[in-house]
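Here is an informal walk through one chain, with an eye on its aromatic rings and the charges around them. Have the structure open as you read.

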Amino acid sequence: LNYLRSIQLASTDIQQDDTKSDDAVQLLTVHSAKGLEWPCVYVIGIEQGYMPHFHAKTPKDIEEERRILFVAITRSEELLNLSFCQNRFKYGRKFEVCQPSMFFEEMGYSIE
């Protein structure tokens with residue numbers, strides 16, 4: 001919990017800092033990026049179980065996850081990169097095969 005609070009405080013500092021550097025990378029959560037824009041945006045981890053999150057079970061929950069992804073996508077002014085991984089080590093230990101998010105198909109992308 002302390003870690004999450006420190007990240008939230010750090011992201012608040014980024015939003016309030018008017019001195020943007022052209023050669024800096026900012027790592028943010030989608031929630032903290034709301035209302036901000038950048039020339040290039042990379043949205044990573046767009047996989048089933050992550051986006052939409054595995055806790056999202058109802059149509060209302062899925063719609064909220066879709067809205068959150070929309071917020072991330074609309075932060076980009078020029079370049080948008082959406083990515084997923086084919087497999088990962090969950091919590092650094094358990095190997096897991098990943099599937100692209102259902103949202104890719106909804107956006108018209110065919111991923112094989």
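## Rings and charges

Lys90 lies over the face of Phe54, 5.7 Å from the ring centre. Keep in mind that this is a predicted model. A second charge does something similar: the charged end of Arg88 sits over the ring of Tyr50, at 4.3 Å from its centre.

Now for rings that meet other rings. How many aromatic pairs does a search of the whole structure find? It turns up three. One of them joins Phe84 and Phe104, an edge-to-face pair with 5.5 Å between the centres and 65° between the planes. This pair links distant parts of the chain, since its partners are 20 residues apart. Phe84 belongs to the loop between strand 2 (76-82) and strand 3 (87-90), while Phe104 is part of helix 4 (residues 102-106).

Phe104 also pairs with Tyr109, again edge-to-face, at 6.4 Å centre to centre and with 75° between the planes. Put together, ring pairs make a cluster of Phe84, Phe104 and Tyr109.

Which residue of this cluster is buried? That would be Phe104, because its relative accessibility is 5% and the cut-off for buried is under 20%. Phe84 has 28% relative accessibility, so it counts as partly exposed. Tyr109, at 49%, is partly exposed too, because a residue has to be over 50% to count as exposed.

Here are the cluster members side by side:

| Residue | Relative accessibility | Class |
|---|---|---|
| Phe84 | 28% | partly exposed |
| Phe104 | 5% | buried |
| Tyr109 | 49% | partly exposed |

Stepping back to the whole chain, what does its secondary structure come to? There are four helices and four strands, and going along the sequence they follow the pattern α-α-β-α-β-β-β-α.

The chain has 112 residues, and 24% of them count as buried; Phe104 falls in that class. As for the outside, the accessible surface is about 8800 Å², with 55% of it belonging to carbon and sulfur atoms.

Finally, the contacts. Taking those in the chain with a separation of 6 or more, 64% are between residues 24 or more positions apart.

Key. Residues numbered from 1 in each chain as written. Predicted model: local features only at pLDDT ≥ 70, side-chain atom pairs only at ≥ 80, totals over all residues. Heavy atoms only, no water. Phe/Tyr/Trp six-rings, centres within 6.5 Å; stacked < 30°, edge-to-face > 60°. Helix = DSSP H or I, 4+ residues; strand = E, 2+ residues; numbered from the N terminus. Buried < 20%, exposed > 50% of the residue type's maximum accessible area, 1.4 Å probe, protein only. Lys NZ or Arg CZ within 6 Å of the ring centre and 35° of its normal. Contact = heavy atoms within 4.5 Å. Areas by Shrake-Rupley, 256 points an atom, 1.4 Å probe, with all protein chains shown as cover.
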